[in-house]
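User: I'm new to this one and would like to learn how to read it. Could you walk me through some features, one at a time?

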Amino acid sequence: MKLVVDANLPPKWVEFLSARGVEAVHWAQVGDLRATDATIMKWARDKGYVVFTSDLDFSAMLAIGGASGPSVLQVRTQDVFPESIGAQVMRVLLEQSEALTSGAIVTIDEIAARVRILPIGRRHGAGEPR
């Protein structure tokens, strides 16, 4: 699994993840820091990367668009540094590697991790096609 660390997370994540056998690049290494989220998503999808972010916009774009990728690993904590949540992130990467490889939004907060498999479809009402 390969991760592109969004610009809203510290670059030290790359070193942390790489030291634990996870291929990772920070967006600042591969793209323009002024790039839109859509540009980052396209790059990640085209190159086979999971987007690692604390930005809710990525998962919203996937949900609204009904896209099947790229996968998003999203942290929803106050402290987003590896020293604080690194162990939890690594545990979730191991536990959810299949989902992230297949297409998922995985959200990590202080309490737990939640997984939404992609694509996220709208609920069907009576008489609507499935």
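Analyst: Happy to. Let's begin with a loop residue: Gly66 sits in the loop between α4 and β4. Keep in mind that this is a predicted model.

User: Is Gly66 buried, exposed or partly exposed, and what is it in contact with?

Analyst: Gly66 counts as partly exposed because its relative accessibility is 35%, and that falls between the 20% and 50% cut-offs. Leaving aside neighbours within four places in sequence, Gly66 is in contact with Pro119 and Ile120. Sequence distance and spatial distance are separate things here: Gly66 and Ile120 are 54 residues apart in sequence, but their C-alpha atoms are 5.6 Å apart in space.

User: Where are the cis peptide bonds that involve Pro70 and Pro119?

Analyst: One is the bond from Gly69 to Pro70, with omega near 5 degrees. Pro70 belongs to the loop between α4 and β4, where Gly66 is found too. Another is the bond from Leu118 to Pro119, with omega near -5 degrees. Pro119 is in the segment after β6 (113-117), and Pro119 is also one of the contacts of Gly66.

User: Now a helix. How do I read α5?

Analyst: Start with the general idea: an α-helix has 3.6 residues a turn, so residues three or four places apart point the same way. Now the case here. Helix α5 covers residues 82-95, which makes 14 residues. From first C-alpha to last, α5 reaches 18 Å, close to the 20 Å expected at 1.5 Å a residue.

User: Which residues of α5 are buried?

Analyst: They are Pro82, Ile85, Gly86, Gln88, Val89, Met90, Val92 and Leu93. Take Leu93 as an example: it counts as buried because its relative accessibility is 5%, under the 20% cut-off. Not counting neighbours within four places in sequence, Leu93 is in contact with Met1, Leu3, Leu17, Val22, Leu73 and Leu100. Val22 is 71 residues away from Leu93 along the chain, yet their C-alpha atoms are separated by 9.2 Å.

User: What does an exposed helix residue look like, say Glu98?

Analyst: Glu98 lies in helix α6. Glu98 is exposed because its relative accessible area is 66%, over the 50% cut-off. For a sense of distance, Glu98 and Asp57 are 41 residues apart along the chain, with 23 Å between their C-alpha atoms.

User: How do I read a nonpolar core, and which residues touch the most other members of the largest one?

Analyst: The general idea is that in soluble globular proteins, nonpolar side chains tend to be buried together. Here the largest core has 24 residues, and Trp13, Leu17, Phe52, Leu73, Val75, Val89 and Leu93 touch the most other members. At least two residues each come from β1 (2-5), α1 (12-18), β3 (50-53), β4 (72-75), α5, α6 (97-102) and β5 (104-108). Helix α5 gives the largest share, five residues. Another core of 15 residues lies apart from this one, and Val25, Met41, Ala44 and Val72 are among its members.

User: What does Trp13 touch?

Analyst: Leaving out residues up to four places away in sequence, Trp13 touches Val5, Phe52, Val80, Phe81, Pro82, Ile85, Gly86 and Val89.

User: How about polar side chains: are Thr53 and Ser59 buried or exposed?

Analyst: Thr53, in strand β3, is buried because its relative accessible area is 0%. The side chains of Thr53 and Asn8 are joined by a polar contact of 3.3 Å. Contacts of Thr53 beyond four places in sequence include Asp6, Leu9, Phe58 and Val72. Ser59, in helix α4 (residues 57-65), is buried because its relative accessible area is 13%. A polar atom of the Ser59 side chain lies 3.1 Å from the backbone oxygen of Leu56. Ser59 also touches Gln74 and Ile105, not counting residues up to four places away.

User: Last one: what lines the largest pocket?

Analyst: In general, rolling a probe the size of a water molecule over the atoms shows where empty space is left. The largest pocket here has a volume of about 160 Å³. Its lining has 15 residues, and Gly48, Tyr49, Val50, Leu100 and Thr101 lie nearest its centre. The elements giving two or more lining residues are α3 (37-47) and α6. Helix α6 supplies the largest share, three residues.

Definitions and conventions
Residues are numbered from 1 along each chain as its sequence is written. This is a predicted model: local features need pLDDT of at least 70, side-chain atom pairs count only at pLDDT 80 or more; totals for chains, interfaces and linings use all residues. Side-chain values use heavy atoms; hydrogens and water are left out. Helices (H or I, at least four residues) and strands (E, at least two) are DSSP runs, numbered from the N terminus. The expected span of a helix is 1.5 Å times one less than its number of residues. Buried means under 20% relative accessible area, exposed over 50%, partly exposed in between (1.4 Å probe, protein chains only). A polar contact is a pair of N or O atoms within 3.5 Å; within protein, one must be able to donate a hydrogen and the other to accept it, and residues adjacent in sequence count only if both atoms are side-chain atoms. Contact means heavy atoms within 4.5 Å. A nonpolar core is a set of buried Ala, Val, Leu, Ile, Met, Phe, Trp, Tyr and Cys residues joined through side-chain atoms within 4.5 Å. On a 1 Å grid over the protein atoms alone, a cavity is a set of points where a 1.4 Å probe fits but cannot get out, and a pocket is an open set with protein on both sides within 12 Å along at least five of seven lines; lining residues have an atom within 4 Å of a point. Grid points are joined across faces, edges and corners, and a volume is the space filled by probe spheres set on the points.
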